[in-house]
Amino acid sequence: MTGELRDDETEEEYLHSFIRKQGNIYKPNNKDMENESLNEKAMEDVHTKEIDLVNRDPKRINDDVVKVDFEDIIAEPAGTYSFDGVWKASFTTFTVTKYWCYRLLTALVGIPLALIWGIFFAILSFVHIWAVVPCVKSYLIETHCISRVYSIFVHTFCDPLFEAMGKCFSNIRLRTTKEV
């Protein structure tokens with residue numbers, strides 16, 4: 001279709017066929033609109049992603065920090081063993097106490113701390129986005145302007161002076177001789 005209406009085609013039919021070829025906002029047919037909708041979907045997924053209940057440290061930020069097991073704390077060297085029942089009871093007591101105490105602390109303190117950390121990082125992001133980056137950009141713009149003026153000043157006044165001094169002192173020769 002060249003954009004001209006044929007005799008048997010009405011203006012409304014032409015408009016519908018044009019929209020079908022180009023794509024519309026509800027059902028994209030062309031690649032640009034499809035990519036835009038995928039980008040919007042990706043942005044939406046960042047805020048609504050599923051939480052992984054199995055792997056709770058996917059970036060391994062606590063690998064070397066808080067891995068504390070019974071064997072890391074209590075170990076009996078060869079030749080000084082306690083009764084097997086005492087050893088098993090100690091292991092069970094340590095493991096269960098650590099497990100439930102951690103769960104109790106996270107239930108009592110975890111949610112308030114999550115709220116505090118969420119507020120903290122929201123403020124940190126806000127300050128960085130709305131204050132720090134604009135100030136740094138403004139500073140760089142201003143220093144760029146000053147550096148241009150400084151560069152012009154140096155090239156205009158200092159370069160000729162130093163070139164003249166260089167030519168004056170270029171004919172000076174030093175000789176060293178050994179006295180015997």
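The paragraphs below go through a predicted model, from its overall make-up to single residues.

The protein has 180 residues, of which 3% count as buried. Its secondary structure comes to 4 helices and 0 strands, and the order of elements from the N terminus is α-α-α-α. Among these helices, α2 covers residues 31-47, α3 covers 70-73 and α4 covers 84-169. Of the contacts in the protein with a separation of 6 or more, 12% are between residues 24 or more positions apart. The accessible surface is about 17,500 Å², and carbon and sulfur atoms account for 64% of that area.

Helix α4 spans residues 84-169, and a recorded annotation falls in this range. UniProt, in an unreviewed entry, lists residues 104-131 as "transmembrane region". In the model this segment is 100% helix and 0% strand. Its end C-alpha atoms are 39 Å apart.

The surface can be examined next. Which residues make a nonpolar surface patch of about 1,200 Å²? The patch consists of L115, I119, I123, F126, V127, I129, W130, V132, V136, Y139 and L140. One of these residues, I119, has its place in helix α4. I119 is partly exposed, with a relative accessible area of 45%.

Aromatic side chains come next. The count of aromatic pairs comes to 8. One pair is W117 with F120: the ring centres are 5.6 Å apart and the planes stand at 85°, so the arrangement is edge-to-face. The cut-off behind that label is a plane angle over 60 degrees. W117 and F120 are 3 residues apart in helix α4, which means a separation of about one helical turn. Both residues are partly exposed: W117 has a relative accessible area of 47%, and F120 has 40% relative accessibility. Elsewhere, ring pairs join F70, W87, F91 and F94 into a cluster. In terms of elements, F70 falls within the range of α3, residues 70-73, and W87, F91 and F94 fall within the range of α4, residues 84-169.

Charged side chains give a short list, with a count of 1 salt bridge. Which two side chains meet in a salt bridge at 3.9 Å, N to O? They are those of K98 and D69. K98 lies in helix α4 and D69 in the loop between α2 and α3, so the pair ties together parts that are 29 residues apart in sequence. The distance is within the 4 Å that the salt-bridge rule allows. Neither partner is buried: K98 is partly exposed, with a relative accessible area of 39%, and D69 is partly exposed, with a relative accessible area of 41%.

Other residues relate the loop between α2 and α3 to helix α4. V68 lies in that loop and is partly exposed, with a relative accessible area of 32%. What is V68 in contact with, leaving aside its neighbours within four places in sequence? The contacts of V68 are I73 and K98. V68 and K98 are 30 residues apart along the chain, and their C-alpha atoms are separated by 9.6 Å. K98 therefore takes part both in the salt bridge with D69, which links the loop to helix α4, and in the contact with V68. T95 has its place in helix α4. T95 counts as partly exposed at 34% relative accessibility. T95 and D69 are 26 residues apart in sequence, while their C-alpha atoms are 7.7 Å apart in space.

The loop between α2 and α3 also holds R60. The phi of R60 is near 55°, a positive value in a residue other than glycine. As a general matter, most residues other than glycine have a negative phi. Is R60 buried or exposed? At 52% relative accessibility, R60 counts as exposed; the cut-off for that class is over 50%.

How values were computed. Residues numbered from 1 in each chain as written. Predicted model: local features only at pLDDT ≥ 70, side-chain atom pairs only at ≥ 80, totals over all residues. Heavy atoms only, no water. UniProt positions renumbered as here; feature names shortened; annotations may be inferred. Helix = DSSP H or I, 4+ residues; strand = E, 2+ residues; numbered from the N terminus. Buried < 20%, exposed > 50% of the residue type's maximum accessible area, 1.4 Å probe, protein only. Contact = heavy atoms within 4.5 Å. Areas by Shrake-Rupley, 256 points an atom, 1.4 Å probe, with all protein chains shown as cover. Patch = residues over 30% accessible without salt bridge, like charges linked within 9 Å, V, L, I, M, F, W, Y side chains within 5 Å. Phe/Tyr/Trp six-rings, centres within 6.5 Å; stacked < 30°, edge-to-face > 60°.
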